[in-house]
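Me: Hey, can you walk me through this one? I'm new to reading structures, so keep it plain.

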Amino acid sequence: MITLKHVSKVYPPDVHGLRDISLFIAPGEFVSIVGSSGAGKTTLAKMLIAEEQPTRGTIEIGGWDITHIKNRDIPYLRRQIGVVFQDFKLLKKKTVWENVAFALEVAGEPRRRIRETVPHVLKIVGLEQKAQRFPHQLSGGEQQRVVIARALVHRPKILLADEPTGNLDTMNTNEIIDVLKKINAFGSTVVLVTHNREVVNALHSRVITLADGRVAADHEQGKYLLPT
Amino acid sequence: MLILTSTARVFSFAWKNFVRNAWIWLATVLVLVLALLSVNTLVGVNAVASSAIGVLEDKIDLSVYFKPGTPVAVLDQARSYMSSLPQTSNVDLITDAQALESFKKRHAQDPNILSALDQLEQNPFGASMVIKARNTNDYPFLIQALNNPQFNFAVESQTYDDHATAIDRVRKIAASIRYFGTVLTAIFVIFSALIVYNAIRVAIYTMREEIGIMRLVGASNAFVRLPLIIDALLLAAFSLAITAGMIVGMIAFFEPRIRTFFDGADPGLQAYYVTNYLQLLVLQAVIMVSVVSLAAWAAVGRYLKR
């Protein structure tokens with residue numbers, strides 16, 4: 001599903017974001033990528049959605065080599081990977097419904113399918129009653145659930161969540177993790193980038209620990225190993 | 001079907017974006033209107049200046065005074081010859097009898113002058129000829145033409161030499177005003193284009209986060225770009241319409257007020273716009289559309305790299 005072979009990223013002049021990373025993430029896995037600040041977590045996440053290109057090595061997503069993906073092909077890749085960020089990245093001038101529908105509209109999906117899909121994903125994240133609200137009328141947890149709903153509309157095989165609970169309190173964090181687990185249970189691969197010890201330890205799933213741009217540990221039933 | 005759906009969505013997004021970012025666009029429209037107004041005002045000032053110069057030039061003529069008793073045949077010869085020149089716009093011949101009549105009319109209320117005139121046995125006035133050139137530059141040529149031996153012996157004097165310096169000055173001022181007016185308008189057009197370009201860039205800069213999010217959820221470059229370009233074109237259309245309305249108002253306000261500077265004559269501002277505005281509007285629309293499209297295209301492009 002996701003294969004990284006000897007991936008390195010060097011930012012000019014000589015700042016190493018990642019150093020010779022090789023990974024394989026199987027379909028349906030729930031993987032947590034942890035590490036302290038500057039370990040390379042976000043660089044790795046950005047590479048998976050082609051926001052960054054590796055300096056060396058290759059990246060494949062579902063058999064598609066995206067190492068040197070052309071600019072015009074990036075939208076097609078991003079429609080196959082659901083992305084959730086810490087800072088939500090919602091369109092402030094659009095309602096919840098419009099934010100979620102937007103991901104389908106840009107893909108040219110017919111109106112009928114949009115009318116069917118949007119309520120469905122809003123129901124999954126529990127926001128069907130707030131479809132006409134604007135992002136600023138929602139709590140942080142609700143905004144993050146909108147982002148997850150938006151990420152789900154294409155029924156992605158991969159959901160990439162980069163610090164999705166970074167701005168949330170414990171209760172909202174638990175809600176978001178529950179939603180991610182639910183999505184994983186539907187069969188999607190979930191890649192969770194986080195530094196939240198409690199979340200990682202409660203998941204009892206695979207944990208990849210990054211340190212100084214390298215894979216420091218990779219355990220199937222891992223724990224958060226880094227000192228806080 | 002997909003193309004139709006996508007096209008409809010591009011227009012729909014453009015309109016929603018336009019309405020929801022009304023304040024940003026309003027500020028941009030104001031900048032665009034100011035840029036357009038500055039150019040149009042300068043064009044209007046040039047038109048008034050040209051009109052003023054035209055009025056001044058129209059007052060310039062070449063008056064030729066013939067000796068009293070010059071035969072009518074010689075006068076006709078002179079008129080016929082001067083009229084035949086391509087540099088001549090108009091020739092008015094005033095015979096000695098018409099000159100006397102005109103003098104009497106002018107002084108009808110002054111019995112002393114009229115009685116003094118009656119004391120004279122002969123008509124003291126000679127015939128005269130007023131020549132207008134097509135172009136003020138042609139007067140020196142027409143003065144040379146008066147040296148024609150068929151009638152130059154009958155010429156007593158001509159006025160052009162008396163006013164030659166003043167006429168030459170008017171001519172030079174007119175040429176300078178036209179030249180600098182054109183240069184200044186060109187500079188204003190360039191500055192305005194730069195202002196418009198940057199106003200669009202600033203408006204799109206405020207939406208950079210939104211553009212990034214659109215890309216993140218899989219919007220193609222065209223899908224991000226086109227609505228913003230359509231918005232920029234809408235701005236251009238609004239700005240042109242608002243400016244046109246303001247120009248109509250400004251002409252209605254200023255034309256009667258500047259008429260006094262023209263001795264009550266038509267300053268030609270309204271006439272200039274009636275004749276030329278369609279052409280001006282098309283030219284401005286073409287420049288505006290090109291600049292805003294280019295600005296929007298380039299500004300959005302900066303945020304579409306990856």
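Reply: Sure, one term to begin with: two residues are in contact if their C-beta atoms, placed from the backbone, lie within 7 Å. This is a predicted model, where local features need pLDDT of at least 70 and side-chain atom pairs count only at pLDDT 80 or more, while totals for chains, interfaces and linings use all residues. Residues are numbered from 1 along each chain as its sequence is written, and chains are lettered from A and ligands numbered from 1 in the order in which they are written.

Me: OK, so how many residues of chain B are in contact with chain A?

Reply: 16 residues of chain B are in contact with 17 residues of chain A.

Me: Which elements of chain B give two or more residues to that side?

Reply: Helix H1 (2-20) and helix H8 (208-216) of chain B do. The largest share, five residues, comes from H1(B). By the way, helices (H or I, at least four residues) and strands (E, at least two) are DSSP runs, numbered from the N terminus.

Me: And what classes of residue are on the side of chain B that touches chain A?

Reply: That side has seven nonpolar, five polar and four charged residues. Here Ala, Val, Leu, Ile, Met, Phe, Trp, Tyr, Cys and Pro count as nonpolar, Asp, Glu, Lys and Arg as charged, and the others, Gly among them, as polar.

Me: Switching to chain A. How many helices and strands?

Reply: Chain A has seven helices and 10 strands. Of its 228 residues, 46% are buried. Buried means that 20 or more other C-beta atoms lie within 10 Å of the residue's own; exposed means 12 or fewer, and partly exposed is in between, with C-beta atoms placed from the backbone.

Me: How are the strands of the six-stranded sheet ordered?

Reply: The order is S6-S7-S8-S3-S9-S10 in chain A, an open sheet with mixed pairing. S6 and strand S10 (214-219) of chain A are at the edges with a single partner strand each, so one side of each has no neighbour in the sheet. From one strand to the next, the twist averages 15°. Pairing here requires that DSSP finds at least two bridges between two strands.

Me: Tell me about S7(A). Why is it largely enclosed?

Reply: Strand S7 (residues 158-162) of chain A is largely enclosed by the rest of the structure because five of its five residues are buried. Ile158(A), Leu160(A) and Asp162(A) cover one side, with Leu159(A) and Ala161(A) on the other. In a regular strand, side chains alternate between the two faces of the sheet.

Me: Which strands does S7(A) pair with?

Reply: Strand S6 (residues 81-85) of chain A runs parallel to S7(A), joined by five bridges, and Phe85(A) stands opposite Asp162(A) there. Strand S8 (residues 189-194) of chain A is also parallel to S7(A), again with five bridges. In S8(A), Val191(A) is the bridge partner of Leu160(A).

Me: Does Leu160(A) turn up anywhere else? I mean, which residues have the most contacts inside the largest nonpolar core?

Reply: Leu160(A) is on that list, with Val100(A), Ile200(B), Val292(B) and Ala296(B), in a core of 109 residues. Apart from that core lies another, of 15 residues, including Leu75(B) and Val91(B). A nonpolar core is a set of buried Ala, Val, Leu, Ile, Met, Phe, Trp, Tyr and Cys residues joined through C-beta atoms within 7 Å.

Me: What about the sheet of four strands?

Reply: That open sheet runs S2-S1-S4-S5 in chain A, with antiparallel pairing. Strand S2 (15-25) and strand S5 (64-65) of chain A stand at its edges, each with a single partner strand. Strand S4 (residues 56-61) of chain A and S5(A) share two bridges, and Glu60(A) stands opposite Asp65(A).

Me: Last topic, odd backbone spots. Where is the cis peptide bond?

Reply: From Pro12(A) to Pro13(A), with omega near 0°. Pro13(A) is in the loop between strand S1 (2-11) and S2 of chain A.

Me: And is Arg155(A) buried or exposed?

Reply: Arg155(A) counts as exposed, because it has 12 C-beta neighbours inside 10 Å. Arg155(A) also has a positive phi of about 50°, although it is not a glycine. Its place is in the loop between helix H5 (140-152) and S7 of chain A.

How values were computed
Axes are lines fitted to C-alpha atoms, for helices over the stretch in contact, and angles run from 0 to 180 degrees between N-to-C directions.
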